[in-house]
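Work through the exercises below with the model open in a viewer. Try each task before reading its solution.

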Amino acid sequence: MSKRPPTLLGLPSYLAGHVSRIGNTQLVAILAERGLRLPHFAVLCGLHDLGPTAQVELADRLGLNPSHLVGYLDRLEEAGLVARSRDSDDRRRQMAELTTTGTKTAVELITHAITSERAQLSALTDAELNTLTALLARVVTTDDDGSVS
C-alpha cells in the first residue's frame with residue numbers, strides 16, 4: 001500500500017515523473033562526477049544514435065531549445081566529447097559529432113543508464129518494463145508529431 005495520496009497515484013504524468021526520478025538517480029550521480037547533467041546525456045545519446053547532425057536538427061530531435069543546446073554542446077566540446085564544424089554543403093549550418101572519446105563515453109553512459117535503471121525499476125518484470133517503455137514512447141512520439149493539443 002502506497003503512502004501517497006490516491007489522487008496522485010491516479011495521475012499518469014505524476015507517476016511518470018516520479019518513476020523518472022527513481023530511474024535516473026544513479027545516472028545523475030555518474031554524470032555529476034563527470035561535470036555533466038541529463039541534457040548532456042541526451043545530446044550524447046542523440047549524436048551516438050544519429051551520427052553527425054546539424055545543431056538545429058539535433059535541438060529539434062531532442063526537444064531542446066536551440067540556444068540551450070549550444071550551451072550543452074559548449075560543455076561537451078570543452079570535455080573533448082563533441083566536435084563541431086561547418087557543414088561543407090551549407091556553411092551556415094553548424095554540425096556536431098562525437099569524438100572518439102565521446103563515443104566511448106556515450107556507450108559507457110548508455111550501458112550504465114540501462115543497467116542502473118533496470119535495477120531501480122526491479123519491481124517490474126522484463127515484459128512489464130517493455131510495455132511501460134512502449135506506452136511512454138507512444139505518448140512522446142504522439143506529442144512530437146503534434147497530435148496532442
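The exercises concern a predicted model and cover its sheet, one helix residue and a pocket.

**Exercise 1.** Find the order of the strands in the sheet, and state which strands stand at the edges.

Solution. Step one: the open sheet has three strands, in the order β1-β3-β2, with antiparallel pairing. Step two: β1 (53-54) and β2 (82-86) each have a single partner strand, so they stand at the edges and one side of each lacks a neighbour in the sheet. Step three: β1 is joined to β3 (residues 94-98) by two bridges, and threonine 53 stands opposite alanine 96 in β3.

**Exercise 2.** Which strands does each of the helices α3 and α5 touch?

Solution. Helix α3 (residues 38-50) touches β1, β2 and β3, and its direction makes about 90° with that of β3. Helix α5 (residues 66-78) touches β2 and β3, and its direction makes about 120° with that of β2.

**Exercise 3.** Decide whether asparagine 130 is buried or exposed.

Solution. Step one: asparagine 130 is located in helix α7 (residues 126-144). Step two: its relative accessible area is 54%. Step three: exposed means over 50%, so asparagine 130 is exposed.

**Exercise 4.** Describe the lining of the largest pocket.

Solution. Step one: the largest pocket holds about 1,100 Å³ of space. Step two: 28 residues line the pocket, and Asn24, Phe41, Glu117, Thr133 and Leu136 lie nearest its centre. Step three: α7 gives the largest share of the lining, nine residues. Step four: by class, the lining has 18 nonpolar, five polar and five charged residues.

Technical notes
Residues numbered from 1 in each chain as written. Predicted model: local features only at pLDDT ≥ 70, side-chain atom pairs only at ≥ 80, totals over all residues. Heavy atoms only, no water. Pairing = 2+ DSSP bridges. Helix = DSSP H or I, 4+ residues; strand = E, 2+ residues; numbered from the N terminus. Contact = heavy atoms within 4.5 Å. Axes fitted to C-alpha atoms, helices over the stretch in contact; angles between N-to-C directions. Buried < 20%, exposed > 50% of the residue type's maximum accessible area, 1.4 Å probe, protein only. 1 Å grid on protein atoms, 1.4 Å probe; cavity = no way out; pocket = protein on both sides within 12 Å on 5 of 7 lines; lining within 4 Å. Points joined across faces, edges and corners; volume = space filled by probe spheres on them. Nonpolar A, V, L, I, M, F, W, Y, C, P; charged D, E, K, R; others polar.
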